[in-house]
Amino acid sequence: MVFRKFPGVSASGMGLRLSQKFVFLLFLSGLVTLCLGALFFLPDSARLKRIFLSKTEAQPVTVGSENDAREQARKADAAAARVRALSRKPSVTHEARAVDRPPQGIKAQDERSSGRTRTETTAAQNDARQPRDTFEYDRFKKCLLGSPLGSDRGKPGDPQTLQRRDKVKEMMKFAWDNYKHYAWGKNELRPLTRNGHIGTMFGGLRGASIIDSLDTLYIMDLLEEYEEAKDWVENNLDLNSNGESSLFEVNIRYVGGLLSAYYLTGNEVFKKKVLELGEKLLPAFNTPTGIPRGVINLGSGTSWSWGWASAGSSILAEFGTLHLEFVHLSELSNNPVFREKVMNIRKLLNKIEKPHGLYPNFLSPVTGNWVQHHVSLGGLGDSFYEYLIKSYLMSDKTDEEAKKMYYSALEAIEANLVQQSPGGLTYLAEWRGGILDHKMGHLACFAGGMLGIGAEDGAPEKKQRYLDLAGEITHTCHESYTRSATKLGPEAFRFDAGAEATATRLSERYYILRPEVIESYMYMWRLTHDPKYREWGWEAVEALEKHCRVEGGYSGIRDVYASAVSHDNMQQSFFLSETLKYLYLLFSDDDLLPLQDWVFNTEAHPLPIIHRNCLQRQNSLQKPDKTPAD
Ligand code: DMJ
């Protein structure tokens with residue numbers, strides 16, 4: 001090899017300089033190695049480890065004692081929170097985001113939650129997978145106070161009631177058979193055109209009517225149909241969907257439906273699916289406050305606020321209607337992460353200042369402040385209040401915080417929203433920054449039942465008042481039905497300009513097979529056994545048969561005041577899950593899904609009350625038999 005001489009540098013001089021450089025470079029590389037090594041051993045080195053190591057190296061999965069597992073899960077969550085803090089600015093080049101556009105009507109907000117970055121996915125997955133699954137179905141069953149299906153599946157002794165109940169069962173079979181025939185695997189049935197509907201609410205998820213029907217079919221003893229539904233879940237329910245779905249709707253219908261199917265039947269397939277789905281919902285909580293956004297892509301984990309919600313806000317009735325299901329996800333998985341997510345929402349809502357003690361419907365997931373002062377027990381607010389009292393009941397009356405929040409909210413509702421019409425009807429008005437809108441939505445009619453089940457645990461001097469109020473609201477909602485030509489109620493009814501529980505706007509005259517009025521009849525029947533509630537329920541059955549039943553299933557109607565009805569061509573999945581279930585329970589004995597053991601989620605899926613003391617006793621009784629591997 002020929003070295004070309006550099007001008008003015010001798011060969012020996014060049015050799016000397018090269019060896020000096022070599023020593024210097026050696027020193028430098030030693031220094032860098034030392035620094036990196038030191039960084040790895042610093043206390044907060046998890047971030048660096050995640051950057052340089054693969055996910056299994058960064059988050060070892062421990063199979064230790066129950067406490068170890070919980071501790072690991074807590075650490076994983078804390079680590080995830082640190083990562084989130086670092087990655088709050090969403091990545092605009094996120095793969096799935098480039099592929100998936102928000103559906104029409106859902107406008108992407110500036111403040112989006114990024115989906116699962118690789119580190120978040122790792123943390124979320126570890127959150128949900130680390131703890132050992134220690135749930136034992138037999139132990140759970142032993143702690144129920146009664147059999148879920150009663151002594152004889154709730155069969156009523158009185159022949160007329162039995163006949164009515166059989167009619168409701170026939171309605172369920174008719175609705176199911178038509179769905180199966182024309183829309184199997186789709187989300188809902190279009191009974192006039194006899195085809196399936198998919199819609200945009202559930203992203204890529206399918207079979208909403210199947211999931212919503214599982215428990216109804218089971219309690220009605222439609223066991224062949226239940227088996228078909230179960231087989232579909234086992235073989236066809238694909239949770240790896242990639243589309244924007246409503247966190248609220250997926251939670252109340254899919255999570256709620258699968259949970260109750262598991263608790264009623266003990267079939268492990270439901271548990272497996274529901275835990276998988278629950279995990280996919282976790283990234284929706286990756287916001288600065290932990291208040292989830294309304295829309296989530298289950299594939300990428302990216303979440304949005306609804307385009308119609310003011311200033312990128314989240315909706316009270318949506319983020320406030322997760323508690324029951326998420327607590328049960330933690331119960332089943334033995335992973336606290338689900339409970340922690342909803343307890344965080346609870347904490348924020350408890351702390352924040354409330355105008356006149358009321359909870360407005362819109363809250364910013366970024367600042368944690370109210371965005372508008374619109375308060376309602378109808379749409380946008382409704383099931384938040386329902387979940388406060390039901391959280392208390394589901395905790396076997398140990399969740400004192402939920403109890404306190406519910407009864408304080410109720411005081412504010414009584415003081416600000418409860419009104420009397422000139423005709424003597426009690427109703428729940430809406431509140432807009434101090435100004436009352438004398439309107440009540442069909443959705444708000446659930447409040448009869450809610451007030452009823454909460455009456456017993458109110459302050460002693462209030463119990464009777466709450467039960468009376470429950471009866472008065474249920475009566476008003478019944479009136480809204482009796483004042484129409486079809487004997488079905490409108491979407492909203494008013495108490496102004498001479499109106500008394502009637503719709504005054506064309507756009508509010510429709511009925512889409514909603515359950516809330518019948519739901520209140522069912523609770524009021526259980527609480528008072530006043531026969532009028534069964535009579536009112538039967539009136540509804542006759543009206544449904546006359547106006548909503550068509551050859552291909554059941555359909556909503558466009559105007560309850562028109563005797564020549566026009567159908568909307570949609571058999572909503574909640575008709576099978578709620579409306580028909582509540583009717584069936586109304587005509588059954590009280591020992592079918594007894595209220596000492598079950599609370600119904602807002603989609604009427606029964607979830608068991610957690611009899612913690614008994615479960616702990618069962619656990620300690622079982623322990624000596626356990627092998628070390630357990
Ligand atoms: C159902 O999906 C639930 O009851 C929800 O809480 C409100 N809307 C429908 C039924 O009307």
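The legends below accompany close-up views of a predicted model.

Residues are numbered from 1 along each chain as its sequence is written, and side-chain values use heavy atoms, with hydrogens and water left out. Because the model is predicted, local features need pLDDT of at least 70 and side-chain atom pairs count only at pLDDT 80 or more, whereas totals for chains, interfaces and linings use all residues.

**View A. The largest nonpolar core and the surroundings of Tyr385.** A nonpolar core is a set of buried Ala, Val, Leu, Ile, Met, Phe, Trp, Tyr and Cys residues joined through side-chain atoms within 4.5 Å, where buried means under 20% relative accessible area, exposed over 50%, and partly exposed in between (1.4 Å probe, protein chains only). The largest such core has 159 residues, and those with the most contacts inside it are Tyr385 and Met440. Helix α11 (residues 247-265) supplies the largest share of this core, twelve residues; helices are DSSP runs of H or I with at least four residues, numbered from the N terminus. With neighbours within four places in sequence left aside, the contacts of Tyr385 (heavy atoms within 4.5 Å) are Leu316, Tyr359, Val375, Ser376, Leu377, Tyr406, Ala409, Ile413 and Met450. A second, separate core of six residues includes Val295, Trp306, Ile315 and Phe362.

**View B. Residues around the ligand.** Ile252, Arg253, Leu443, Arg514, Pro515, Glu516, Phe574, Glu578, Thr602 and Glu603 surround the ligand, each having a heavy atom within 4 Å of it. An N or O atom in the side chain of Glu516 is 2.7 Å from an oxygen atom of the ligand, and for the side chain of Glu603 the corresponding distance is 2.6 Å. Thr602, by contrast, approaches through a backbone N or O atom, which lies 2.8 Å from a ligand oxygen atom.

**View C. Two buried basic side chains, Lys280 and Arg346.** Lys280, in helix α12 (residues 268-281), is buried yet has no salt bridge, the nearest side chain of opposite charge being Glu276 at 5.3 Å; here Lys and Arg count as positive and Asp and Glu as negative, while His and the chain ends are not counted. A salt bridge requires a side-chain nitrogen of Lys or Arg within 4 Å of a carboxyl oxygen of Asp or Glu. The side chain of Lys280 does, however, make a polar contact of 3.2 Å with that of Asn240, a polar contact being a pair of N or O atoms within 3.5 Å (within protein, one must be able to donate a hydrogen and the other to accept it, and residues adjacent in sequence count only if both atoms are side-chain atoms). Arg346, in helix α15 (residues 337-351), counts as buried because its relative accessibility is 5%, and its side chain joins that of His323 in a polar contact of 3.4 Å.

**View D. Salt bridges within and between helices.** The structure holds 36 salt bridges, among them that of Lys173 with Asp177, whose closest N and O atoms are 3.1 Å apart. Both residues lie in helix α8 (residues 159-183), four residues apart, about one turn of the helix. Glu228 and Lys180 meet in a further salt bridge (2.9 Å, N to O); because Glu228 lies in helix α10 (residues 223-236) and Lys180 in helix α8, this pair ties together parts 48 residues apart in sequence. Lys581 and Asp215 form a salt bridge with closest N and O atoms 2.9 Å apart, linking helix α22 (residues 573-586) to helix α9 (residues 208-219) across 366 residues, and both of these residues are buried.
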